[in-house]
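The following exercises concern a ligand, the space around it and the empty space elsewhere in a protein model. Work through each task with the structure open before reading its solution.

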Amino acid sequence: MGASARQGGAILWFTGLSGSGKSTLAAAVGARLTPAVPVEILDGDEIRKQLSADLGYTKEARDTNIRRIGFVARLLARHGVFVIAAAISPYAATRHEVRLLARDEGIPFLEVFLSARLETLVQRDTKGLYKRALAGELLHFTGVSDPYEAPTHPDGIILTDDESVEVSTQKALALLAQYGLVKIPVGDAL
Ligand SMILES: Nc1ncnc2c1ncn2[C@@H]1O[C@H](COP(=O)(O)OP(=O)(O)O)[C@@H](O)[C@H]1O
Ligand SMILES: [Mg+2]
């Protein structure tokens, strides 16, 4: 049941502020695609503990982090894995760069913007970071004390403010179906 595999891998790239739902939706979408599709999630927080443990939060460091995630995503997608990247990815030009590198290899790449009002994010404050950033204790906190360049032409936008995780997950799956990345059988639970 659920999604059936498209031949070859693909990259679903979630971008959005901290707390916008990237990790939550990556896990939920991933769970819906497996086991029909091999899925790997490249989560920003985890990557920063492993592959990018050496990096800080300057623009250059953030760009390097995103390039690394893009690189690993391509390696996996080349071998038929459906990759979900869940990292803030604050800079438009760098997102564009990783997209082009994927496209150059014929790897489908969807940039999906997870958008929520700052007010909602501050209310959610799952990691207590907004509170600290707004108090001036955290320099370089994206959306408060560091830039976030919202996508102007994303392949999809999911407004996670006022809808449940399940509804947002279905919207993400619908986007994948719309772009032909997965085939959702007619009559399935979507
Ligand atoms: N529609 C939604 N989509 C995703 N997350 C949502 C949604 N509504 C509420 N949330 C909640 O918002 C929080 C998002 O946190 P998280 O996924 O860690 O964000 P990020 O990885 O972008 O920092 C979670 O606590 C999640 O349960
Ligand atoms: Mg996260």
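**Exercise 1: the ligand and its pocket**

Ligand 1 occupies the largest pocket, where a molecule counts as sitting in a pocket if more than half of its atoms lie within 2 Å of the grid points. The model is predicted, local features need pLDDT of at least 70, side-chain atom pairs count only at pLDDT 80 or more, and totals for chains, interfaces and linings use all residues. Residues are numbered from 1 along each chain as its sequence is written, chains are lettered from A and ligands numbered from 1 in the order in which they are written, and side-chain values use heavy atoms, with hydrogens and water left out.

Task: determine which residues come nearest to ligand 1 and which backbone atoms it approaches.

Solution. Step one is the shell, in which a residue is near if one of its heavy atoms lies within 4 Å; it holds 16 residues, and G19, K22, T24, E163 and S168 come nearest. By class, three are nonpolar, 10 polar and three charged. Helix α1 (22–33) provides the largest share, four residues, while α7 (165–178) also supplies at least two.

Step two is the search for polar contacts (pairs of N or O atoms within 3.5 Å). A polar backbone atom of G19 is 2.7 Å from an oxygen atom of ligand 1. A nitrogen atom of ligand 1 lies 2.8 Å from a backbone N or O atom of E163, and a backbone N or O atom of S164 lies 3.2 Å from a nitrogen atom of the ligand. Taken alone, ligand 1 exposes 570 Å², of which the protein buries 79% (Shrake-Rupley method, 1.4 Å probe).

**Exercise 2: pocket and cavity**

Task: describe the volume and lining of the largest pocket, then those of the second largest cavity.

Solution. On a 1 Å grid, a pocket is an open set of points with protein on both sides within 12 Å along at least five of seven lines, a cavity is a set where a 1.4 Å probe fits but cannot get out, and lining residues have an atom within 4 Å of a point. The largest pocket has a volume of about 770 Å³. It is lined by 37 residues, those closest to its centre being S18, K22, D45, I88 and K127.

The second largest cavity contains about 30 Å³ of space, and its lining consists of R62, D63, I66, S89, P90, Y91, T94 and R95. Helices α3 and α4 (92–104) each give two or more residues to this lining, with α3 giving the most, three residues.

Key: A polar contact is a pair of N or O atoms within 3.5 Å; within protein, one must be able to donate a hydrogen and the other to accept it, and residues adjacent in sequence count only if both atoms are side-chain atoms. Ala, Val, Leu, Ile, Met, Phe, Trp, Tyr, Cys and Pro count as nonpolar, Asp, Glu, Lys and Arg as charged, and the others, Gly among them, as polar. Grid points are joined across faces, edges and corners, and a volume is the space filled by probe spheres set on the points.
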